[in-house]
Amino acid sequence: MVNFDAHINRFISNYSKRKQIQEVSFREIVNDLKLERATHLIHSYPAKLLTLIPYFFLNNNIFSKKGDKILDPFCGSGTVLLEAQIASRYSFGIDSNPLARLITKVKTETYKIRLLEEYKKKILKNYKSIQINEHDFVEFDNIDFWYSKRIKRELTKILFSINQINNDKYKNFFLVCFSNCVRKVSFADPKISVPVKLDLERYDARTKFYKKIEKRVNYVKKVRVIKKYEEIMNNNIDRMAEKNEIVNRNYKSFLISDDVRNFVNHESKKSMVGKIEKESMNLIITSPPYAGAQKYIRASKLNLSWLGIAQNGTLKNLDQMTIGRENYQTDAYKELLETNIEAADRLLKKIHKLNPLRAHIAANYLNEMRNALNEIVNALKTGGYLVLIIGNNNLCGYEFKTHNYLTYILEDLGLKVIFKLVDDIKSYGLMTKRNKTADIINREWVLVFEK
Ligand SMILES: C[S@@+](CC[C@H](N)C(=O)[O-])C[C@H]1O[C@@H](n2cnc3c(N)ncnc32)[C@H](O)[C@@H]1O
């Protein structure tokens with residue numbers, strides 16, 4: 001088994017001597033891993049964590065051992081939970097986005113391959129026999145902007161076929177495959193996480209870019225949705241079979257809540273394991289959201305709408321729960337909020353003069369992160385470790401040092417830094433292309449604390 005003890009001991013020792021951030025390349029350190037193994041790729045997700053980071057922090061004798069409890073309180077699509085399972089740990093996840101919870105649930109669930117194959121055949125058979133009329137079509141706001149009538153009809157038929165499965169656990173697997181498919185057959189640009197319509201008129205017909213978009217538009221016009229769906233089901237069944245080979249199914253994963261700010265000793269309807277007690281987690285590994293860097297709910301809009309989980313009004317409510325969100329009423333950001341972090345407040349004053357909304361987003365982010373971190377520290381055992389993976393942010397031309405501000409909050413809550421690393425990220429899932437007031441993220445800080 002790979003073991004990263006020597007690297008970790010070196011990081012700890014260097015930090016204790018010089019208190020400096022150390023430059024690393026996780027791609028070089030973890031060079032022997034087939035990264036996207038098992039079910040990691042069953043569904044895309046914005047700002048998905050590089051698998052090799054949790055892999056590194058789970059395969060050593062310093063931070064946790066077999067059978068320990070690992071928490072990811074911003075679990076997104078479940079990267080940490082799956083890696084924890086593979087490393088024979090129990091894992092626990094929280095996320096406010098219902099799509100993230102559905103993907104995580106399926107990604108970490110145990111399925112019988114034989115049954116998946118049987119259900120797949122049933123879905124394909126149902127699809128052939130189902131007759132639907134136009135008034136049966138799934139409808140939500142702007143659906144016709146994203147889908148042609150033919151595709152809407154084919155997707156509706158697939159959804160009807162899936163809904164005939166009466167075993168919820170297995171149905172969820174096929175709904176995740178379906179959700180994966182709805183973006184791929186839409187007129188949304190696949191390179192941008194938030195749906196933006198492919199629009200040929202915006203580009204010069206002589207450019208390479210135009211040709212690419214044209215190719216994509218033509219593909220969507222012709223695609224046979226059921227064929228695409230079948231391909232996704234096949235790939236995901238193969239992934240599940242690979243997971244069955246490498247995971248010991250005794251090490252289960254649990255979703256425990258939909259809000260990181262209130263989960264310790266909290267009776268949540270979402271919980272599959274009952275209350276999570278204070279000081280119950282051995283290790284926490286998480287990549288929290290950044291101030292205004294990803295629109296998780298908007299990015300999941302088409303998926304959530306097709307799945308019937310959320311539509312317009314409810315999408316707004318979900319967005320309200322998202323830390324780092326960007327939508328506020330003008331009244332909310334006239335006055336600048338205080339964060340009680342001196343360096344952040346000084347910078348936010350300057351930003352507020354240039355762009356009051358950006359300053360409000362960042363200030364509110366830090367205040368909500370303080371509540372979240374308080375709860376996270378509560379859940380961690382004394383002597384346990386917290387690994388935080390955070391990107392940098394550029395606000396109105398200023399570097400917003402989220403990693404420093406969160407360190408300040410965590411030290412205030414009684415945690416001690418044992419080392420800090422920084423890594424360049426060459427490719428990091430689907431990032432949102434920012435306007436001039438907030439840049440894309442290109443470096444990642446990995447902060448390790450002990451309670
Ligand atoms: C950087 S992403 C995590 C990605 C994840 N590591 C993965 O590999 O897919 C941050 C996550 O925080 C979630 N989030 C935002 N506010 C939250 C809240 N109040 N409670 C729980 N999760 C929240 C977002 O929905 C998003 O999925």
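Start with the whole chain of this predicted model and colour it by domain: domain 1 covers 5-97 + 251-450, and domain 2 covers 113-244. Taken over C-alpha atoms, the centres of domain 1 and domain 2 are 30 Å apart.

**The domain contact**

Next, select the residues at which domain 1 and domain 2 touch; 22 residues come from domain 1 and 22 residues from domain 2. On the side of domain 1, show α12 (296-299) and α13 (301-306), the elements that give two or more residues to the contact with domain 2. Which element gives the most to this side of domain 1? The answer is α13, with 5 residues. Colour the side of domain 1 that touches domain 2 by residue class, and 9 nonpolar, 8 polar and 5 charged residues appear.

**Helices α9 and α11**

Now select residues 168-184, which form helix α9, together with residues 225-246, which form helix α11. Their axes lie 9 Å apart, and the two helices pack at an angle of about 130°. Why are α9 and α11 called oblique to each other? An angle over 145 degrees would count as roughly antiparallel and one of 65 to 115 as roughly perpendicular, with the rest oblique; at about 130°, α9 and α11 are therefore oblique. The crossing in which α9 passes α11 is right-handed.

Show side chains for the contact. From α9, pick Phe174, Cys177, Phe178, Asn180, Cys181 and Lys184; from α11, pick Lys228, Tyr229, Ile232, Met233 and Asn236. By class, the contact of α9 with α11 holds 7 nonpolar, 2 polar and 2 charged residues.

**Helices α8 and α11**

Keep α11 on screen and add helix α8, residues 149-163. The axes of α8 and α11 come within 9 Å of each other and cross at roughly 45°, and the pair is therefore oblique. On α8, the residues to pick are Ile151, Glu154, Leu155 and Ile158, and on α11 they are Val225, Ile226 and Tyr229. The contact of α8 with α11 divides into 6 nonpolar residues, no polar ones and 1 charged residue. Leave Tyr229 highlighted: this residue of α11 takes part in the contact with α9 and in the contact with α8.

**Helices α16 and α17**

Clear the selection and pick helix α16 (residues 356-379) and helix α17 (residues 402-412). Here the axes are 10 Å apart and the packing angle is about 40°, which makes α16 oblique to α17. The crossing of α16 and α17 is right-handed. To see the contact, show Leu366, Met369, Arg370 and Leu373 of α16 with Tyr405, Leu406, Ile409 and Leu410 of α17. How do the residues of the contact of α16 with α17 divide by class? They comprise 7 nonpolar, no polar and 1 charged.

**The ligand shell**

Finally, centre the view on the ligand and select the 23 residues around the ligand. Which of these come nearest? They are Leu49, Phe74, Gly76, Ser77 and Thr79. Colouring the shell around the ligand by class gives 12 nonpolar, 7 polar and 4 charged residues.

Terms used
Residues are numbered from 1 along each chain as its sequence is written. This is a predicted model: local features need pLDDT of at least 70, side-chain atom pairs count only at pLDDT 80 or more; totals for chains, interfaces and linings use all residues. Axes are lines fitted to C-alpha atoms, for helices over the stretch in contact, and angles run from 0 to 180 degrees between N-to-C directions. Helices (H or I, at least four residues) and strands (E, at least two) are DSSP runs, numbered from the N terminus. Angles under 35 degrees count as roughly parallel, over 145 as roughly antiparallel, 65 to 115 as roughly perpendicular and the rest as oblique. A crossing is left-handed if the near helix is turned anticlockwise from the far one by less than a right angle, and right-handed if clockwise. Two residues are in contact if their C-beta atoms, placed from the backbone, lie within 7 Å. Ala, Val, Leu, Ile, Met, Phe, Trp, Tyr, Cys and Pro count as nonpolar, Asp, Glu, Lys and Arg as charged, and the others, Gly among them, as polar. A residue is near a molecule or strand if its C-beta atom, placed from the backbone, lies within 6 Å of it. Domain bounds come from an automatic or database domain assignment.
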